[in-house]
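Work through the following exercises with the structure open beside you, and try each task before reading its solution.

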There are 2 protein chains.
Amino acid sequence: MALAWPIGLAITALLIIVAISYRQTIYAYPSGGGSYVVARDNLGTLPGLIAAAALLIDYILTAAVSLTAGLEAIASAFPGLYPHRVLLALGLLLLITLANLRGLRETGTLMSIPVYLFLVSYLPMLLIGASKLFLEGPASLAQVAPPATQGITTFLILHAFATGCTALTGIEAISNGVPAFRPPEAKNASQTLVVMALLMAILFVGSIGLTQYLGVIAGPQETILSALARKVYGSGLPYLVVQTTTLLILAVAANTSFAGFPRVVSIIASDGFLPRQLANLGDRLVFTNGIVLLSLGTGLLIVLFQGNTHALIPLFAVGVFLAFSLSQAGMVVHWWRNREKGWSTKLVINGVGALATTLTLLIVGYSKFLEGAWFIIALVPLLVTMFFRIKAHYNQLRKQLSLAGLPPSLKPYPPMRVVLPISGVHRGIVEAVRFAESFARHITAVYVELEPGQGEHVRQEWESWWPDIPLVVIPSPYRSIVGPLFEFLDKYDSECNDGQQAAVVLPEFIPASWWHGLLHNQTSWLLKTALLYRRRHFGFQGVIIDVPYHLKR
Amino acid sequence: MALAWPIGLAITALLIIVAISYRQTIYAYPSGGGSYVVARDNLGTLPGLIAAAALLIDYILTAAVSLTAGLEAIASAFPGLYPHRVLLALGLLLLITLANLRGLRETGTLMSIPVYLFLVSYLPMLLIGASKLFLEGPASLAQVAPPATQGITTFLILHAFATGCTALTGIEAISNGVPAFRPPEAKNASQTLVVMALLMAILFVGSIGLTQYLGVIAGPQETILSALARKVYGSGLPYLVVQTTTLLILAVAANTSFAGFPRVVSIIASDGFLPRQLANLGDRLVFTNGIVLLSLGTGLLIVLFQGNTHALIPLFAVGVFLAFSLSQAGMVVHWWRNREKGWSTKLVINGVGALATTLTLLIVGYSKFLEGAWFIIALVPLLVTMFFRIKAHYNQLRKQLSLAGLPPSLKPYPPMRVVLPISGVHRGIVEAVRFAESFARHITAVYVELEPGQGEHVRQEWESWWPDIPLVVIPSPYRSIVGPLFEFLDKYDSECNDGQQAAVVLPEFIPASWWHGLLHNQTSWLLKTALLYRRRHFGFQGVIIDVPYHLKR
């Protein structure tokens, strides 16, 4: 318990150092300077990608930890909710995801309400607690502490640490999202950052101090802050308000990830290190794919860890401090290179920041290695490798899609051979035959016979309608359609020996309503997919022509 | 408790009546005479479909009840398994499903092993129990009965009833699957039926009698038969053997559904009352789709009822007796119409059968209405309505696909207009342009511009390669591709006023490996689906031409 106080002060100091240090980043990168951008621009691609990997992990962890902790807060007030906290956390996640997909940024003021509510309910609690402490004197620990104090100390320190880390992620999100602030963007962002860091420091030091000096002990299914609020306010309405606003502010913290993650992901993706879809704005001008990706990752973590915040914290800390160290180091290089007015002071400030976060990174990585830090230390190189492989694919793609080397005037194709698979002789194939006849050099109809004898029947009908077009009947005793058809196509193409692959004209009738679709084989869909992905033996690629016949009812 | 004995005898009598009655059906319908076929042929389509609906529900219930009861048997011996019985039942279901998908029918002898094992372990138990009873005299109930005897009686009767119904489903499966027996099929099937009914009667009467006279009481997580076996054998190896073989024989009972359900479903589907896919044999000559459907239904029931057999039984009984009554009534009509040798005796036998099952149906339907029978009574008409709607769709389809009324010689299409959506000017669109040039009357390239300014860039590149083909740039500020393209197509088609819909030629590059697919937008897939299903304003339908360009790496 004696450890809680110095550790709390150390974390507060770290918070303040990082905040001051990041204030400089905001002014230096008014267009958004997340760890990825700063590290990439000043240290190079590899350090940038390492920071990126750490950040992506961290945003997902922040969302998961915030939601889980929020549900723990509300379950402390309503113990009946405790067994359902995983499900409730997932429900809240879904809500936040949907809100973000609809474009929550417009309603940024809405997000500030929980923050004010929290301050209005939480700051008075600290004041009342402090006056109580002043009037009644500190509680002797021996009076209240149950035997398992050791466990509770660890619990408290971890909790303090997690809160600190969440605050740090908030700082990263601010410096990454400068353009989203009202003009003057850099100034407003930096003010927000300072206010947030100060408030965090007050809340943090206040809560730790009160918890320790009032001898607050949490029950097994209660958070330490709930126990503190109960001690100060009793179990009445003010207590319930504090717990509810705690849930709300933690939801806002989770939402920070939803603001930051898609943005970072889109920057990485537009550099070609992540799938391009992640760089695209969706219909509602939000990064739809990034939001969905974050939501899936967060949900997975909540389920995997079954709402256990403490297991997530060592993972969390490594990520956040890795990204911060690289960003700060990048800023040091930035000042060294640019040497604008007052560069040396700024260099020293960022240097102290870099040193502090690197030191924390080493301590946490070493002491928590077996408790989960190893996982992040292993995951970061994997992600970085993935980034490079994706980039390599896009580079390859550019070369393969280049028009360089093609003759300046391209001739149209000579007329093609056409293969026309039919499922029988009926109205649905008529348009396909007519279309094939309008351009093909030679048409071969193909019928795959599943029931012996049917082929002969189909042949007679076919010949009464199209006597000039040859029909090939392929028996398929094992009732597969795709396999025998592909064998036929390969054989036919190689026999014709004209260097072409036959075009496949697929007649397809489209049902009038979705449920009618359930009443038909999806053979044409299967065939199209197979033709598109599996038919690639030849240099020249086969064309697939879909001739739909729409049913009226 | 006094009720158990007469009810047991009544069920046994019912079993014997039904068995004799069905023996006649087997000889009259050597090609397989399930309730659906018999009711359809003799009473008409509607009664046939009612029987069919009842049967389908019943097969699913049989599989679910057998698996759940089997797991209850084994959990009685190993209480540690009790909390996991739902999961274990699902695992067993998966195993049986996979075995059937691979074509289990070939290994029918394998299925007989559990039956023999069960008889070898269970019959001696009845003998030993009977001799114990003979030597020691019946237990006085007062000595052993705990206060909750009333509940246990209900439990026992329900259990007895369920066992009886399972046996009845077995009878239905035999008469439905006559052709699967060795020749002479009818004779072997009828012998199997008689042997099964006799054994069932012995086991049934024996177990009920012993349970009652030995005063056997089951614990809360134990089956009554487990309690009986424990009473007779103690808790040693013989007891464990009995419980294990009970599980095995119940798995065989579940497997009966897997033999019967897909067969009935395929008969109904080939009459056009269910989706046609269910009538098709798969690659391994089993009714793949029917097996999968049964497995999904069974799994759903097991999960919904959380392994509670008793809740399922009222549902079960209504279905089985409804199907049986219709089948027996159908046989009465059959004999009346055919009047072959000895028809009057046969008519009387089936008449008695019909009367007995109808009576049971009414009793169960009335007394168990609120306990779940209402569900079946409501579900059957729903299923029958579905059958008729499916049939109506297929009739409609036949009319719409008919070639009647088409002119005897069809002219090929005049050359078409082509619209060519491009994602940029690159190697991947070259083949598409060349192909379009080979047959089109007029080509229009279209570029949907997501980022302002990109369109101009694309236009310049396009004009340097294909100056003769017009390019239309459509700005899309809301970043949707499908919507603006469809608007363009509709406008273009209506302006051209030639009664045609333009063919759409889609250039598509196909990545070399599946994971590369994740790195690209699935725009062409989206477009193809939309073109196929949503573009249906015109009388004449638009052709979709997919020109793949396969990437090498």
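Helices (H or I, at least four residues) and strands (E, at least two) are DSSP runs, numbered from the N terminus. The model is a predicted one, in which local features need pLDDT of at least 70 and side-chain atom pairs count only at pLDDT 80 or more, while totals for chains, interfaces and linings use all residues. Residues are numbered from 1 along each chain as its sequence is written, and chains are lettered from A, ligands being numbered from 1, in the order in which they are written.

**Exercise 1.** Find R339 in chain B and in chain A, and work out what is unusual about its backbone and whether it is buried or exposed.

Step one is to locate the residue: R339(B) lies in the loop between α12 (309–338) and α13 (343–367) of chain B, and R339(A) sits in the loop between α12 (309–338) and α13 (343–367) of chain A.

Step two is to read the backbone angle. Most residues other than glycine have a negative phi. R339(B), however, has a positive phi near 50°, and R339(A), also not a glycine, has a positive phi of about 50°.

Step three is to count neighbours, where a residue is buried if 20 or more other C-beta atoms lie within 10 Å of its own, exposed if 12 or fewer, and partly exposed in between, with C-beta atoms placed from the backbone. R339(A) counts as exposed because it has 10 C-beta neighbours inside 10 Å, and R339(B) is exposed because 10 other C-beta atoms lie within 10 Å.

**Exercise 2.** Follow the open sheet from one edge strand to the other, and say which strands are the edges.

Begin with the rule that two strands pair if DSSP finds at least two bridges between them. The open sheet has 10 strands in the order β3(A)-β2(A)-β1(A)-β4(A)-β5(A)-β5(B)-β4(B)-β1(B)-β2(B)-β3(B), with mixed pairing. Its edge strands are β3 (471–475) of chain A and β3 (471–475) of chain B, each of which pairs on one side only.

Next, look at single pairings within this order. Strand β2 (residues 442–449) of chain A runs parallel to β3(A) and is joined to it by five bridges, and Y447(A) stands opposite V473(A) in β3(A). Where the chains meet, β5(A) and strand β5 (residues 544–550) of chain B pair in the antiparallel sense over three bridges, and D546(A) has I544(B) as its bridge partner in β5(B).

**Exercise 3.** Describe the side of chain A that touches chain B: how many residues are in contact, and which element gives the largest share?

Two residues are in contact if their C-beta atoms, placed from the backbone, lie within 7 Å, and by this rule 53 residues of chain A are in contact with 55 residues of chain B. At least two residues of this side of chain A come from each of α14 (369–401), α15 (427–439), α19 (523–534) and β5 (544–550) of chain A, and the largest share, nine residues, is supplied by α15(A).

To sort this side by class, count Ala, Val, Leu, Ile, Met, Phe, Trp, Tyr, Cys and Pro as nonpolar, Asp, Glu, Lys and Arg as charged, and the others, Gly among them, as polar. The side of chain A that touches chain B then has 27 nonpolar, 15 polar and 11 charged residues.
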